[in-house]
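Visitor: I am new to this structure and would like a close look at one part of it. Please take one sheet and explain how it is put together and what lies against it.

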Amino acid sequence: MLQAYRFALDPTPAQVRALASHCGAARKAFNEGLAHVKRCLDQRAAERSYGMPDERLTEVPWTLAALRRWWNASKDDLAPWWRENSKEAYSSGLDALARGLAAWSGSRSGKRRGPKAGFPRFRSRRRARVSCRFTTGAIRVDDRSHVVLPRIGRVKTHESAAGLLDSVTAGSARILAATVRFDGRRWYCAFTVDAGREPGRPAHVAADRVHPVVGVDLGVRDLLVAAAPDGTEVARMPAPRPLAKAQARLRAVQRKAARQDGPDRRTGGRGSKRWARTAARIGRIHARAAGLRRDALHQATTRLAQRHQVVVVENLNVAGMSRRKPGAGRGGRALNRAIADAAPGEVRRQLGYKTAWYGSQLTVADRWYPSSKTCSACGTVKAKLALADRQYQCDSCGAVLDRDLNAAINLARLSEHAPRVEGRPAGSGPVAGRGAIRKTTPPTGAAAGGDETSTPHSGQQAAGQTGTAPPQGEAA
Ligand SMILES: [Zn+2]
């Protein structure tokens, strides 16, 4: 199975220049390739309008191989400096372009599931993600504090690489590729690793046999709350303190940036140097906050995926939630991007692959399921629930409980009904079926329940058979 190992780097100034140059080269190849594809498409349209037969129309390089052939023929003109960077850099940009084109045509013909993919757009120097992927050449972990990348050379890691080094030395892991990335604060290197291990729970972790099924709600104040179908709160993960501090500082620095001479869309002003300095600072604080949050989420999701058989999460419209506000400066963009990295979609993504690693299962609730508005005691659905209401108060049965806990309980009870998504990294795919519980222990009691969603399920199903669970009706 594929796993990723990511390390913060401590590159020398010369290495920083080389890293930035490679990422710029990837972007250059992407943009030049896209411009060429657009020219070819225009040419084809014109030729067709003259009535030229289809087989004689200009060919559009659509695949990575075709784009590479075109790039190798034109790179002396387009980028005479191409020798400065590894060829992997250009290949990385062209690969991204080929994927974008494939996603667009797949989306248009209906072969691709998930949200509609638009035609690839040019990558701006200011906005685009600064990254580059290496798939061949010298890619390795040199020792516990150094990695080696093509052309860049031996780079010191900020974090210990001992874990990956040990697996590689023991022969249980093989490095396939490396992606370098700058997040506004630091450079990172992520290795794609083929870790030849079977899915399953690590021996040192005890399974929670009392609560095999949990629902997880992502709170506003707390990062997440997990609950069992019987109403027990299984876990509550508060936001780490340094995160709150970083967020407070972020707000202060953002106010400062607002008072400074920032860029102006109407006049085309680029903003003062002091504004740029503050904006860069915002980017750095933000990257730190995102890192803290991500780390806390990783710990929580690992624990959930290892200890419980079934984890139920909400299906949120993540794309809509993390859309950036117009008018945000450079730092603002980095900020919103980093928030998106650690947003609810991230929790679902992490649970998706971690449940696959540890042999448990992720269930995603229907998008319109009102987990927060439903009373977990009597099943009444409230018409309105303000985000500020920390307590859930039921108007019909009078139950009062924590808002996030209430939602988590409702989600846990969904596990028999919700469509199943298993080990799907992006979480955007098709659902495999219904009635997805493959645990033999029924949830203990339905004490607080009484509504139909908390009916204990039958214990007949064999464990360990993924994808073959019969529909719920047959199992019962
Ligand atoms: Zn109620």
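**The five-strand sheet and its surroundings**

Guide: The model shown here is predicted. The part to look at is an open sheet of five strands, in the order β10-β9-β8-β11-β12, and its pairing is mixed. The edges are taken by β10 (233-238) and β12 (361-364); each has a single partner strand, so one side of each is left without a neighbour in the sheet. On average, and with direction ignored, neighbouring strands here are turned by 20 degrees against each other.

Start at the β10 edge. The partner there is strand β9, residues 222-227, which pairs with β10 in the antiparallel sense over five bridges. One pair to find on the model is A226 and its bridge partner in β10, A235.

At the other edge, β11 and β12 run parallel and are joined by four bridges. In this pairing, V311 stands opposite L362 in β12. Strand β12 is also worth viewing from its two faces. In a regular strand, side chains alternate between the two faces of the sheet. On β12, Q361 and T363 lie on one side, L362 and V364 on the other, and all of these are buried, which leaves both faces of the strand covered.

Now turn to the helices. Helix α6, residues 273-307, lies across β8 (213-217), β9, β10 and β11 (310-313), and runs at about 10 degrees to β9. Helix α10, residues 403-413, also packs on the sheet and touches β8, β9, β10 and β11. The direction of α10 makes about 135 degrees with that of β8.

Buried nonpolar residues form separate cores in this model. The largest nonpolar core has 38 residues, and A26, L94, L97, L149, L164 and C189 are those with the most contacts inside it. Its largest share, nine residues, comes from α1. A second, separate core has 35 residues, including V216, V225, A228 and Y353.

For a point of reference, there is another sheet to set beside this one. Seven strands form an open sheet in the order β2-β6-β7-β1-β5-β4-β3, with antiparallel pairing. Its edge strands are β2 (130-134) and β3 (140-143), each of which pairs on one side only. The average turn between neighbouring strands of the seven-strand sheet is 35 degrees, direction ignored. Helix α1, residues 13-49, packs on that sheet, where it touches β2, β5 (153-157), β6 (173-182) and β7, and its direction makes about 85 degrees with that of β2.

The edge strand β2 is mostly covered, with four of its five residues buried. Five bridges join β2 to β6, and the two run antiparallel. Within that pairing, V130 stands opposite F182 in β6. Inside the seven-strand sheet, β1 (residues 2-10) and β7 (residues 187-195) run antiparallel and are joined by seven bridges. There, A8 has Y188 of β7 as its bridge partner.

To return to the part you asked about, follow the order β10-β9-β8-β11-β12 across the five-strand sheet, then find α6 lying across β8, β9, β10 and β11.

Technical notes:
Residues numbered from 1 in each chain as written. Predicted model: local features only at pLDDT ≥ 70, side-chain atom pairs only at ≥ 80, totals over all residues. Pairing = 2+ DSSP bridges. Axes fitted to C-alpha atoms, helices over the stretch in contact; angles between N-to-C directions. Contact = placed C-beta atoms within 7 Å. Buried ≥ 20, exposed ≤ 12 C-beta atoms within 10 Å, placed from the backbone. Core = buried A, V, L, I, M, F, W, Y, C linked by C-beta atoms within 7 Å.
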